[in-house]
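Trainee: I am new to this structure and would like to understand how each label attached to it is earned. Could we go through the labels one at a time, setting values against definitions?

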Amino acid sequence: MWDSRRINGGSDGTGFAVAPGHENDPRLIHDDPRYDGTPCPSSFGVCAGGPRALLDFSRPLAASESAVAASWDLWHRLSAVHPPAVPLEDFVDRWWNDPDAFPDDRWGDAMFAAYKAQPLIHAYLSHPHSLGYGSLWFPDPAEHPVIGYDGDRAAYIRDLTSPHQPDTDVLTLDGWWRESGGNAVHASCDPGLCPHERPGPGWPGSEAYLATLPGDTILVRLRCHA
């Protein structure tokens with residue numbers, strides 16, 4: 001069903017919240033490095049997997065909330081050690097109005113590269129905890145929302161935390177690939193030849209299912225490329 005996959009979720013808030021008191025447990029599973037070898041450390045209190053008993057399903061938005069908090073903390077930590085950056089809108093204005101600023105740069109590649117080359121911007125956007133927010137392409141370039149945010153940390157976390165709890169595809173313990181839309185495929189069968197009786201209606205969703213599994217069940221978030 002896919003041609004590649006990587007363990008993912010601890011660094012971007014799409015993984016699991018860790019049960020209080022187990023944040024440093026060596027049994028927790030964390031993200032694979034990026035394709036270029038860049039490490040992807042988990043946000044505090046978030047992981048990509050581990051024994052179900054070490055994971056906290058009581059607050060569905062906790063992982064997203066922790067990752068958003070990490071993006072705020074990273075920006076302010078880096079801002080204290082790097083010179084201030086020129087805003088993205090200044091680069092875009094020059095691209096539009098100064099023909100000598102970025103000549104022959106039809107798609108803005110040189111302009112965006114110059115913006116990202118600033119030490120503060122480079123350090124922030126290249127770190128997994130920046131979460132990939134913002135838009136560095138046309139038609140609507142936009143700064144990462146933490147940059148110039150007009151509010152405090154608590155407001156930023158409240159505004160940026162995902163309002164939706166995770167609902168992912170799951171390989172169940174009895175061998176079914178259950179998709180978020182309710183479709184079920186027996187994982188070891190050709191769908192057209194599968195002799196197994198499909199599960200009935202009433203799939204509770206991925207997180208409700210995972211929360212009921214035995215405590216020693218190992219759960220792992222994967223990002224799959226189809």
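Trainee: Which residue in strand 7 does L171 stand opposite?

Mentor: L171 stands opposite W177 in strand 7. Before we go further, note that this is a predicted model, in which local features need pLDDT of at least 70 and side-chain atom pairs count only at pLDDT 80 or more, while totals for chains, interfaces and linings use all residues. Residues are numbered from 1 along each chain as its sequence is written, and side-chain values use heavy atoms, with hydrogens and water left out.

Trainee: What makes strand 6 and strand 7 a pair?

Mentor: Two strands pair if DSSP finds at least two bridges between them; strand 6 and strand 7 (residues 176-178) are joined over two bridges in the antiparallel sense, so the requirement is met. The strands themselves are DSSP runs (E, at least two residues), as helices are (H or I, at least four), and both are numbered from the N terminus. By that reading the chain has six helices and 10 strands.

Trainee: Why are strand 6 and strand 8 called edge strands?

Mentor: The open sheet has three strands in the order 6-7-8, with antiparallel pairing. Strand 6 (170-171) and strand 8 (184-186) each pair on one side only, and that is what the name edge strand refers to. Another open sheet of three strands has the order 3-2-5, also with antiparallel pairing, and there the edge strands are strand 3 (46-47) and strand 5 (55-56). Two bridges join strand 2 (residues 16-18) to strand 3, and A17 stands opposite V46 in strand 3.

Trainee: C47 is found in strand 3; is C47 buried or exposed, and how do you know?

Mentor: Buried means under 20% relative accessible area, exposed means over 50%, and partly exposed lies in between (1.4 Å probe, protein chains only). C47 has a relative accessible area of 0%, so C47 is buried. The C-alpha atoms of C47 and V18 are separated by 6.7 Å, although these residues are 29 apart along the chain. Over the chain of 226 residues, buried residues make up 38%.

Trainee: Why is the pair of W72 and Y149 called edge-to-face?

Mentor: Rings of Phe, Tyr and Trp (its six-membered ring) pair if their centres lie within 6.5 Å, and planes under 30 degrees apart count as stacked, over 60 as edge-to-face and the rest as tilted. By this rule the count comes to 11 aromatic pairs. The rings of W72 and Y149 have centres 6.1 Å apart and planes at 90 degrees, so this pair is edge-to-face. The pair links distant parts of the chain, with W72 in helix 1 (residues 62-79) and Y149, 77 residues away, in the loop between helix 4 (119-125) and helix 5 (153-160). W72 is buried because its relative accessible area is 10%, whereas Y149, at 22%, is partly exposed.

Trainee: What makes W75 and Y124 an edge-to-face pair?

Mentor: Their rings lie 5.2 Å centre to centre with 80 degrees between the planes, and the pair is therefore edge-to-face. W75 in helix 1 and Y124 in helix 4 are 49 residues apart, and both W75 and Y124 are buried.

Trainee: How do you know that the charged end of R221 sits over the ring of F16?

Mentor: A charge sits over a ring if NZ of Lys or CZ of Arg is within 6 Å of the ring centre and within 35 degrees of the ring normal. The charged end of R221 is 4.1 Å from the centre of the F16 ring and sits over it. In the case of R94, the charged end sits over the ring of F91, 5.7 Å from its centre.

Trainee: What is notable about the phi of D104, and why is D104 called exposed?

Mentor: Most residues other than glycine have a negative phi, and most peptide bonds are trans. D104 has a positive phi of about 55 degrees although it is not a glycine, and D104 is called exposed because its relative accessible area is 84%. L131 also has a positive phi, near 70 degrees, but L131 is buried, with a relative accessible area of 17%. As for peptide bonds, the one from F138 to P139 is cis, with omega near 20 degrees.
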